[in-house]
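Let's take a friendly walk through the charged pairs and enclosed spaces of this protein. Keep the viewer open so that you can find each residue as it comes up.

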Amino acid sequence: MAPFLRKSVKRILYLLYFILLLLFLLSILAPVSNPSKYWVIGVLGLAFPILFAMVFLATLFWALLRKRVAWVGLVALLLSWKSVGVSIAFHSSGAFQENKEPASVRVVSWNVARFTEWKRNNNKGSQQRLKILDQIKQYGGDIVCLQEFFHSPDSMYYDNISEIREMGYPYHYFSYDPDGWRQYIGCVVFSKYPIVDSGLVRYFRPSMPEALLYVDVKTGADTIRVFTTHLQSVQFRRNDYEAIEKVTQVEDSLLLYSRTVLGKVKKALVLRSSQARVARSIMDNSPYPSVICGDFNDIPNSFTYHTIRGEMQDAFLEKGRGIGRTYSSLSPTLRIDYILADKQFEVKQVQRLIKPTSDHYMLRADLVLQKD
């Protein structure tokens, strides 16, 4: 009986291992698989870091047992090198230098989460808003791109544009949907350099992202185009996070909670894939060297990221180190905010400011436009 039991356990372990390898191999196809057609692969792509860790540990287990099946896992891990390459930066970056080079342009990107609250008051939310403004004042660069930016000209609410302009940013461009309530949310670009042109493209409905906007900035004798956007989020509410908690705890109604969460993930993946193609087509027509900053709401191993990035440089991969998480909730591997630059730029340094002022971390990068 014992030999039969051992053989059965071994077969089950082999089966689980090969299922894991299959899911892992599908996950590394996410960057080239449009979620509109292959949404399951897109979902698996989100789980790539976890699947990678599981495959690595399982392969190590079989290798220690000197089983030949470990070679299959090793091949699978080697096939994932591109996904690993965009997920982890391998530079030993030193401290960020506040005194930038004269020729460089410091670009900042940050999702400010609507400053926590809108109405004028003296509660803790107001204090959080002031911390966000103080961080922009202290660490802001030459060009500051903000997503989920809130502004209102109504005296009942906060005029955040005026407060940031007073920090030394005489130029700005703000995109928003006038909703009749005089409460405006959207992307905004503040600049110390003159903005000589600007424009925006609104994504289709019923998605709920912020527009793709751009500004043409005159930096001395050169002109560069800076894009910023905030793509479709999963739009989890408090009850969705509670559902995820119940799924992880394997509580009652597991299937119901899983369907609720998975449905929102699928919808967001499909919408972001279309938005990414729109953004890429607009960026391809830029007459100037371009930079795009924003909250893509997707990880590097995704169709969204690879579509928007194209041949551009990822500032974090060029000068950063580690995984580079930019979103403070859920997974510790969520790098969903980016600064991407055309090849005409040299990335001098990059920084991720880990401060609990927003649910996203501020990104800063110094870029130098190379002369022909």
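The report below covers salt bridges first and cavities after that.

## Salt bridges at R106

The model you are looking at is predicted. Its salt bridges number 12, and R106 is a good place to start. R106 pairs with E98, where the closest N and O atoms are 3.7 Å apart. The two partners sit in contrasting surroundings: R106 has a relative accessible area of 5% and is buried, whereas E98, at 41% relative accessibility, is partly exposed.

R106 also forms a salt bridge with D366, and here the closest N and O atoms lie 2.7 Å apart. This pair links distant parts of the chain, since R106 belongs to strand β2 (residues 105-111) and D366 to strand β14 (residues 362-369), with their positions 260 residues apart. D366 has a relative accessibility of 2% and counts as buried, because anything under 20% falls in that class.

## A buried pair: R272 and D298

Now turn to R272, which forms a salt bridge with D298; their closest N and O atoms are 3.0 Å apart. R272 is part of helix α9 (residues 254-283), while D298 is in the loop between β9 (290-295) and α10 (303-309), so the bridge ties together parts that are 26 residues apart in sequence. Are these partners buried or exposed? R272 is buried at 2% relative accessibility, and D298 is buried at 2% as well.

Back at R106, the picture widens to a network: salt bridges with shared partners join R106 to E98, R364 and D366.

## The largest cavity

How many cavities of 30 Å³ or more does the model contain? The count is two. The largest holds about 60 Å³ of space.

Its lining is made up of A30, P35, G42, G45, L46, L269, D298, I299, N301, S302, F303 and T304. You will recognise D298, the salt-bridge partner of R272, in that list. Two elements, α2 (39-46) and α10, give two or more residues each to this lining. The largest share comes from α2, with three residues. Sorted by class, the lining has six nonpolar residues, five polar residues and one charged residue.

## The second largest cavity

The second largest cavity has a volume of about 30 Å³. Around it you will find D314, A315, F316, D337, Y338, I339, V350 and L363.

Which elements supply at least two residues of this lining? They are α11 (315-319) and β12 (337-341). The biggest contribution is from β12, which gives three residues. By class, six of the lining residues are nonpolar and two are charged, with no polar residues.

## Putting it together

To recap, R106 bridges to both E98 and D366, and these residues share a network with R364. The R272 and D298 pair connects helix α9 to the loop between β9 and α10. D298 also lines the largest cavity, where α2 has the largest share of the lining. In the second largest cavity, β12 is the element that gives the most.

Note on methods
Residues are numbered from 1 along each chain as its sequence is written. This is a predicted model: local features need pLDDT of at least 70, side-chain atom pairs count only at pLDDT 80 or more; totals for chains, interfaces and linings use all residues. Side-chain values use heavy atoms; hydrogens and water are left out. A salt bridge is a side-chain nitrogen of Lys or Arg within 4 Å of a carboxyl oxygen of Asp or Glu. Buried means under 20% relative accessible area, exposed over 50%, partly exposed in between (1.4 Å probe, protein chains only). Helices (H or I, at least four residues) and strands (E, at least two) are DSSP runs, numbered from the N terminus. On a 1 Å grid over the protein atoms alone, a cavity is a set of points where a 1.4 Å probe fits but cannot get out, and a pocket is an open set with protein on both sides within 12 Å along at least five of seven lines; lining residues have an atom within 4 Å of a point. Grid points are joined across faces, edges and corners, and a volume is the space filled by probe spheres set on the points. Ala, Val, Leu, Ile, Met, Phe, Trp, Tyr, Cys and Pro count as nonpolar, Asp, Glu, Lys and Arg as charged, and the others, Gly among them, as polar.
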